[in-house]
Amino acid sequence: MKTTANPPVAKASIDSQLTRALRGGFALTAEIVPPLSGNPEDFLKLLDPFKGHVDAVNLADSAGGKVRLPGLACSALMKSQGVEPVLQVTCRDRNKIALISDLLGAGAIGVQNLLVLRGDNLDEEKQADITSVHDVAPTDLIDIVSTLSNTGVIPNEEKTVTSPPQFLIGAADMPNQCDEPWWGDALNKKVGAGARFVQTQLTYDLKAISYYAEKLQEIGLSGKIFILIGTGPLASAKSALWMRENLYGVDVPDEIVTRLQEADDPKQEGIKICAEILQHIAQIPSLHGAHLMAPGNNASIPKAILLSEVSKQGSLSA
Amino acid sequence: MSAANLSKAVGNSSLRAWSNRHARLMEIMYSAFVPVLVALRPLARFIPSKILKPVIKPAEKLIKGTMFDCHMCGNCILSSTGMSCPMNCPKNLRNGPCGGVREGGYCEVTPSMPCVWVKAWEGAQQMRHGDRITLLQPPLDQSLSGRSSWIAVMQADHSTGRGEDTSKTTLTRSKVQKSDRSFSPLQAKLNAGEFTITSEFNPPDTPDADHIRSEAEQLLKLCSSVNITDGAGANTHISSTSVAALLSQAGHDPVMQVSCRDRNRIAIQADVLGASALGIKNILCLTGDGIKSQDKTQAKPVFDLDCTSLLEMLTHMREQGEFLSGRKLDKKPEFFLGATSNPCAIDPHIEVGRIEKKIRAGAQFIQTQYCFDMDAFKDFFTRFQDQGLHEQCHYLVGVGPLSTARAAEWMRHNIAGIKIPDEVITRLKSAKDEAQEGIDICVELIQQLREIKGVAGVHIMALQQPEKVKRIIEQAKLN
């Protein structure tokens, strides 16, 4: 079992599988994009590969501005499925009233983990007919949620919610931006507003992960917040190159691309690479786990987890 | 507001009023002007937009800005809105007015401003093609904002801007009102022609699911269905989707209210799809209360859609299995769609036109604002019946108990769109037990409404007072 010097503080009132795993030293989360369907079965079958392997599953909020089954409905469907949700909330489609009312609803449904995001920008050509809302910025929303949780007060409305919902609040970060001059302040602000964990953009570079951990220490955040590094099994060299070109903030080192190109079974090689990254993360005391994403390749995620054997170091009794 | 701004506001709005009063003249001028633009088409083909734009756009902005307070939305529909620019509506309605028009035809959100849409209907009456106001307008295409509609007409190219009068939506329409299909028990009951009672549930501000459920069940055991309000009064309350889901999973058949104030079309489509996955069938579409300057929330009003375009979008999802963008759904959601009405609105003629549009957009049932004025109701409903509209939807009339004469007076002055006759207030004042008198008044109204052919039922609204709902139902012998 890995020891964490100063485990970050999470509210004692939250007792989710995710908080237990984070406190235990190593947590695993995964991400799914809900289906374009009103049929509950279509959603529930997406959960299958993750059951028993991860502590929580993130539910993307109409990613890319394309309508999907909303996280709130998915969270309600996830009850008694043995996997708990991380509800993703974006500021793109809802104003303050709709966001807070959804959070109260999330509380009633039993959601305990929240990831607050700005939301992907809409396509300037194809989706230009739609109003982007952005009534609040992610940091403001984190602040609103903390105030609501701690005091039951809805900001500006002078009214109090009885037994306010309690959330473990998360924020997103881009490890490859940690050299930008504004990075430290921006992340510190989110933590100051009440963020207790971070899930990062996809990272495939061991050195970059170590460097990011150091930078977190430099800005004094190490030990104040749980860090989950975003990574995942790559399906092929082609998909690695596509991600590098098209996904904002994603770097794939050349050596990884080469390894995938030269492998007889690129899918298996991707699983191996992911397992190595997971082991690397597990060895860094100031990191607390991984957030696994593999669009179209979800089935490889449990394989990578099993191969890495990281679950044995954490709280998961696999 | 500075003096310069003030004079500008006064100056412009009076010119805007003048243009609207002379809508017929504007129509003649415009119909003379369009051929000029069209005649310039060959020229426009050779002149690149780079040169055309700096000349035409400022001219359009100046002329339409002065005459109509034009916002250069690039979606111009002035000829279909009685020469009253709908962009001046604080709720961005493309199909108005809303149900909140104040006494004298003033705006719900900005009480000092005459309602843009009442003016639109008035202007349309003068115009030769005034019936265009009954066209269903699609949601605003935000991408065209700031572009010139004149250049669009000249270039006959709608990718550069929607030219005026291209007021057809891309959606395929199918007539599906009052259908025989029944997706929910509520729909089955209404289809069977039974006098139906619904009520309204304002969920408590708590995420405690058991508490919410037990409060709702007090009402649910009394009536066929309860409406779950969506951020009523521009205040934050628990999400209507989650409460409707809690109730639906407990075996009830709630009506989920969806308003256009707080979410854009992505979020609304996602939420109704989620509602469908959770077993919710009945959806009431509202534009939503406006956010007034004195409201504490400080939230940004979204109004990406209005209730009519929302209805049309949901009908399209159900009938064609497609989102507004044309993307396919793998299963068609089963919705029973409703809309609101204000039978005691200041102008029954506009109200009939407005509801007819909602029915055309897909409203299958209607639940109304509080009705206390039987004469006003009958005046409206006769016109409604004359058009045969009572046969195309299930019309449930909103009623409720007034608690005191003071409360009634407060409502009359503060809730836009509510009409309470003086006799009602006098009756309350002279009663020994004001609360009981309020219930009696409500019961009498229900008994009168029951006699009217085409009234499908009543929607009883009694904020947080289920025991009063119970007494009303017992006294009116509805159970």
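Is B:Cys371 buried or exposed, going by its C-beta neighbours inside 10 Å?

## B:Cys371 and its surroundings

B:Cys371 counts as buried because 24 C-beta neighbours lie inside 10 Å, and the cut-off for that label is 20 or more. Keep in mind that this is a predicted model. You will find B:Cys371 in the loop between S6 and helix H13 (374–386) of chain B.

Setting aside neighbours within four places in sequence, the contacts of B:Cys371 are B:Pro343, B:Cys344, B:Phe377, B:Val397, B:Gly398 and B:Val399. With B:Val397, the C-alpha to C-alpha distance is 7.0 Å, across 26 residues of sequence.

## Strand S7 in the barrel

Now zoom out a little: chain B has a closed barrel of 8 strands, in the order S1-S2-S3-S4-S5-S6-S7-S8, with parallel pairing. From one strand to the next, the twist averages 30 degrees.

S7(B) is mostly covered, with 6 of its 6 residues buried. B:His394, B:Leu396 and B:Gly398 point one way from this strand, while B:Tyr395, B:Val397 and B:Val399 point the other way.

## Partners on either side

Strand S6 (residues 365–370) and strand S7 (residues 394–399) of chain B run parallel, joined by 4 bridges. Here B:Ile366 stands opposite B:Tyr395, and B:Gln367 stands opposite B:Leu396. Together with H13(B), these two strands make a right-handed β-α-β unit.

S7(B) also pairs with S8(B) in the parallel sense, over 5 bridges, and B:Gly398 sits opposite B:His459 there. Helix H16 (residues 434–451) of chain B lies across S7 and strand S8 (455–460), at about 165 degrees to S7(B).

Notes:
Residues are numbered from 1 along each chain as its sequence is written. Chains are lettered from A and ligands numbered from 1 in the order in which they are written. This is a predicted model: local features need pLDDT of at least 70, side-chain atom pairs count only at pLDDT 80 or more; totals for chains, interfaces and linings use all residues. Two strands pair if DSSP finds at least two bridges between them. Axes are lines fitted to C-alpha atoms, for helices over the stretch in contact, and angles run from 0 to 180 degrees between N-to-C directions. Two residues are in contact if their C-beta atoms, placed from the backbone, lie within 7 Å. A residue is buried if 20 or more other C-beta atoms lie within 10 Å of its own, exposed if 12 or fewer, and partly exposed in between; C-beta atoms are placed from the backbone. A crossover is right-handed if, with the strands pointing away from the viewer, the path from the first strand over the helix to the second runs clockwise.
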